[in-house]
Amino acid sequence: MSWDNIEIRVTNPGQTAFVIEADSWKLKKYKDPRRPREFDVDMSRSVPVKQFGLLEVLEGSDVIFRGIAEKYKINKTQKTIQAKGVEWLLFHRYTPMFNYCFTDLTMLEIFRDCWDSMYGIPGLLRVANSYCPTATPYTMYDAAKNIVKLIGAGSASRIGAADISMLTEELEQPLIRRAALADLQTYDQSVYQDATDLYVRYDGSSGGGAFANWFWYLNGGLMAENAFD
């Protein structure tokens, strides 16, 4: 593989992409599907590549590697970054078990990274990027209305202004953002968020609602779009 046609692009967390000059590099691929690709690159110590930065290796217009700077080594003059392919991140994602039973679904639709309005179900990559782990700590803000408070999930958190939805046994249902916390006293399938916390009312019924006794805050199901990608 010619050096003349290779470009290594780095995007540190919260920064814009830049191209680096490498002394040498090695791309490793494995037959074992459980082992992610690996990319080791040597460079001058002064090159500002940070841990968990995104590395993209391009051969012409083709991306031949996309991964995360997992760790690095430094000596007096040189820095070595050891990156793992983005597929490695999937080992750190929590997703519930799914059965896709629609006969007309394609593999692309099953693995899609967005919500499918036709079927009302998310693709597997969307779940991996968006699913809030089961047993996320919560406080019952208003037991009579089933309003749950997720402490620390406000707009200043990694969830930010992500669209919120609820994944039930049958479908993914988008929740509506409300302008005031008081609105949750009236409306089901709603959320309110301040800078610190997130408030969720899925079904305020105490006995007759379709999901009143589902207890999503114990069993899981909350989605924050791409908050964990």
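A cavity is a set of grid points where a 1.4 Å probe fits but cannot get out. The exercises below apply to a predicted model.

**Exercise 1. Count the cavities of 30 Å³ or more, then describe the largest cavity**.

Solution.
- Step 1: the count. There are 2 cavities of 30 Å³ or more.
- Step 2: the volume. The largest cavity holds about 80 Å³ of space.
- Step 3: the lining. Among the residues around the largest cavity are Cys132, Tyr138, Leu150, Trp216 and Leu222.
- Step 4: the classes. This lining has 8 nonpolar and 4 polar residues, and no charged ones.

**Exercise 2. Characterise the largest pocket by volume, lining and class**.

Solution.
- Step 1: the volume. It is about 460 Å³.
- Step 2: the lining. The largest pocket has 15 lining residues. Ile68, Leu89, Arg93, Phe228 and Asp229 lie nearest its centre.
- Step 3: the classes. The pocket lining splits into 9 nonpolar, 2 polar and 4 charged residues.

**Exercise 3. Place strand β1 among its partners and sort its two faces**.

Solution.
- Step 1: the faces. In β1 (residues 6-11), Ile6, Ile8 and Val10 form the covered face. Glu7, Arg9 and Thr11 form the uncovered one.
- Step 2: the β5 side. Strand β5 (residues 54-59) runs antiparallel to β1, with 6 bridges between them. Here Ile8 has Val57 as its bridge partner.
- Step 3: the β2 side. Strand β2 (residues 18-20) is also antiparallel to β1, joined by 3 bridges. Arg9 stands opposite Val19.
- Step 4: the turn. β1 and β2 make a hairpin with 6 residues between them. In the turn, Gly14 has a positive phi of about 75 degrees.

Terms used. Residues are numbered from 1 along each chain as its sequence is written. This is a predicted model: local features need pLDDT of at least 70, side-chain atom pairs count only at pLDDT 80 or more; totals for chains, interfaces and linings use all residues. Side-chain values use heavy atoms; hydrogens and water are left out. Buried means under 20% relative accessible area, exposed over 50%, partly exposed in between (1.4 Å probe, protein chains only). Helices (H or I, at least four residues) and strands (E, at least two) are DSSP runs, numbered from the N terminus. Two strands pair if DSSP finds at least two bridges between them. On a 1 Å grid over the protein atoms alone, a cavity is a set of points where a 1.4 Å probe fits but cannot get out, and a pocket is an open set with protein on both sides within 12 Å along at least five of seven lines; lining residues have an atom within 4 Å of a point. Grid points are joined across faces, edges and corners, and a volume is the space filled by probe spheres set on the points. Ala, Val, Leu, Ile, Met, Phe, Trp, Tyr, Cys and Pro count as nonpolar, Asp, Glu, Lys and Arg as charged, and the others, Gly among them, as polar.
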